[in-house]
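Here are my notes on the model you sent round. Have the viewer open while you read, since the points go element by element.

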Amino acid sequence: MILINLLPHREAARKRRKDQFFTQLGLSALLGGVICGAVFTWYQGQISAQQDRNRFLQSEIAKLDEEIKDIANLQREIASLRARQTAVENLQGDRNLPVHLLDELAAQLPEGVYLSSMKQQDQSVLLVGVAQSQERVSDLLRNLANNSPWLVRPDLVEIVAARSSATGRDQRRVSNFTIRATLKRPSAAPAAAPGKG
């Protein structure tokens, strides 16, 4: 016996393919959603981890900033202490400068030269005096320039001819002078102390 299928087999096959297509489409959409969710979750984890690292780095940077401030404060304190130490050392070294200055002037003044005043400001010394002649002033300048380890760079500020009278009728010609010289610190003239005794 021959069986003939009178049912619409093409429409049934088409319906089967259509159902299969929608099932595959739904599964693809579901798979795509799962993949997107997994990627989103992974990125969120990465962002969270990076934010944690950023927070850690910011806290460490804040600690380092505090340490840098402490170091800057320490450096300022060290500089201040060094300045004080230098000032104390200078005071210690300068306390004998007047003795060296007077000793040096006594040794370097030629005969016929008399000092009327002496003024020291920092390392500069201003000498004002009277000499019997201009040659005596030249001798004093030469002595200070060549023979003095404590007084350097003597400079004649002015020399003025004048008359001096010891008595009413005895008048002499003299030269009033002003000399500026620089006084060396003891650290700059160590060889002078043993030579002078």
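The points below cover the helices, the hairpin, the surface patch and the salt bridges.

1. First, a reminder that we are looking at a predicted model. Every value here is computed from its coordinates, so to speak of them is to speak of the prediction.

2. Start with helix 3, which takes in residues 134–146. Its 13 residues reach 18 Å from the first C-alpha to the last, close to the 18 Å expected at 1.5 Å a residue. Which residues of helix 3 are buried? They are Val137, Leu140, Leu141, Asn143 and Leu144. These cover an arc of only 160° around the axis, and therefore sit on the same side of helix 3. Over on the other side, Glu135 and Asn146 are exposed. Colour this helix by accessibility and check the two sides for yourself.

3. Asn143 also comes up in a pairing across the sequence. Ala107 and Asn143 are 36 residues apart along the chain, yet the distance between their C-alpha atoms is 9.3 Å. Ala107 belongs to helix 2, residues 97–108, while Asn143 is one of the buried residues of helix 3. Is Ala107 buried or exposed? Neither quite fits: Ala107 counts as partly exposed because its relative accessibility is 48%, and the partly exposed class runs between 20% and 50%.

4. Now the hairpin. Strand 1 (residues 113–121) and strand 2 (residues 124–131) pair in the antiparallel sense, with eight bridges. If you want one pair to click on, take Ser117, whose bridge partner in strand 2 is Val128. How many residues lie between the two strands? There are two, and Asp122 in that turn has a positive phi of about 55°. Worth a glance on your Ramachandran plot.

5. On to helix 1, which covers residues 9–94, and a nonpolar patch on the surface. The patch is formed by Leu31, Ile35, Val39, Trp42, Tyr43 and Ile47, which together have about 620 Å² of accessible area. Ile35 is placed in helix 1. Why does Ile35 count as partly exposed? Because its relative accessible area is 47%, which is under the 50% that exposed residues must exceed. That value also clears the cut-off of over 30% for patch members.

6. Last, the salt bridges, of which the whole structure has five. I'll go through some of them. Asp52 and Arg55 meet through their side chains, at 2.2 Å from N to O. They are three residues apart in helix 1, so about one helical turn separates them. Both ends are partly exposed: Asp52 has a relative accessible area of 40%, and Arg55 is at 47%.

7. Further along, Lys63 forms a salt bridge with Glu60, and their closest N and O atoms are 3.3 Å apart. This pair is also in helix 1, three residues apart, or about one turn of the helix. Lys63 is partly exposed at 47%, and Glu60 is partly exposed at 28%.

8. Then there is Lys69 with Glu66, where the closest N and O atoms are 3.9 Å apart. That counts as a salt bridge because the cut-off is within 4 Å. Lys69 and Glu66 both lie in helix 1, again three residues apart and about one turn of the helix. Glu66 is partly exposed, with a relative accessible area of 44%.

Terms used
Residues are numbered from 1 along each chain as its sequence is written. This is a predicted model: local features need pLDDT of at least 70, side-chain atom pairs count only at pLDDT 80 or more; totals for chains, interfaces and linings use all residues. Side-chain values use heavy atoms; hydrogens and water are left out. Helices (H or I, at least four residues) and strands (E, at least two) are DSSP runs, numbered from the N terminus. Buried means under 20% relative accessible area, exposed over 50%, partly exposed in between (1.4 Å probe, protein chains only). Patches are made of residues with over 30% relative accessible area and no salt bridge: like charges are joined within 9 Å, nonpolar side chains (Val, Leu, Ile, Met, Phe, Trp, Tyr) within 5 Å. Accessible areas come from the Shrake-Rupley method with a 1.4 Å probe; for residues, only the protein chains shown count as cover. The expected span of a helix is 1.5 Å times one less than its number of residues. The arc is that of the directions from the helix axis to the C-beta atoms. Two strands pair if DSSP finds at least two bridges between them.
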